[in-house]
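Visitor: Could you take me through the fold and packing of this model, with the cut-offs behind each term?

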Amino acid sequence: VRGLEAAAPFLPPGAAASGYATALARWPADPAVLFGAANLAAGDGRAAEAEGLYRRLLAVEPRHAAGRN
């Protein structure tokens with residue numbers, strides 16, 4: 001996931017979202033995957049999707065400080 005996050009700005013449109021979708025399918029409750037996918041969605045202007053991912057993140061890790069911001 002860290003590699004995907006670092007590479008996201010350099011990938012073709014949609015590639016990072018596809019990578020996070022694959023990671024979410026494999027690790028649906030992983031805080032790093034949820035946070036990265038939520039940040040990507042927020043950055044792409046997909047606010048409703050980002051909100052849902054942040055809520056899922058906080059459900060599995062309620063004290064995730066960055067997820068609360």
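The questions and answers below go from the overall fold to one helix and the core.

Guide: This is a predicted model, in which local features need pLDDT of at least 70, side-chain atom pairs count only at pLDDT 80 or more, and totals for chains, interfaces and linings use all residues. Residues are numbered from 1 along each chain as its sequence is written, and side-chain values use heavy atoms, with hydrogens and water left out.

Visitor: How many helices and strands does the protein have?
Guide: Helices (H or I, at least four residues) and strands (E, at least two) are DSSP runs, numbered from the N terminus. From the N terminus on, the order is α-α-α-α-α. The count is therefore five helices and zero strands.

Visitor: Where do the buried residues of α2 lie around its axis?
Guide: Taking buried as under 20% relative accessible area and exposed as over 50%, with partly exposed in between (1.4 Å probe, protein chains only), the buried residues of α2 are Ala16, Tyr20, Ala23 and Leu24. Seen down the axis, using directions from the helix axis to the C-beta atoms, these buried residues fall within an arc of 100°, so they line one face of the helix.

Visitor: Which element gives the most residues to the largest nonpolar core?
Guide: A nonpolar core is a set of buried Ala, Val, Leu, Ile, Met, Phe, Trp, Tyr and Cys residues joined through side-chain atoms within 4.5 Å. The largest one has 14 residues, with Tyr20 and Leu24 among those having the most contacts inside it. Two or more residues come from each of α2, α3 and α4, and the element giving the most, with six residues, is α3.
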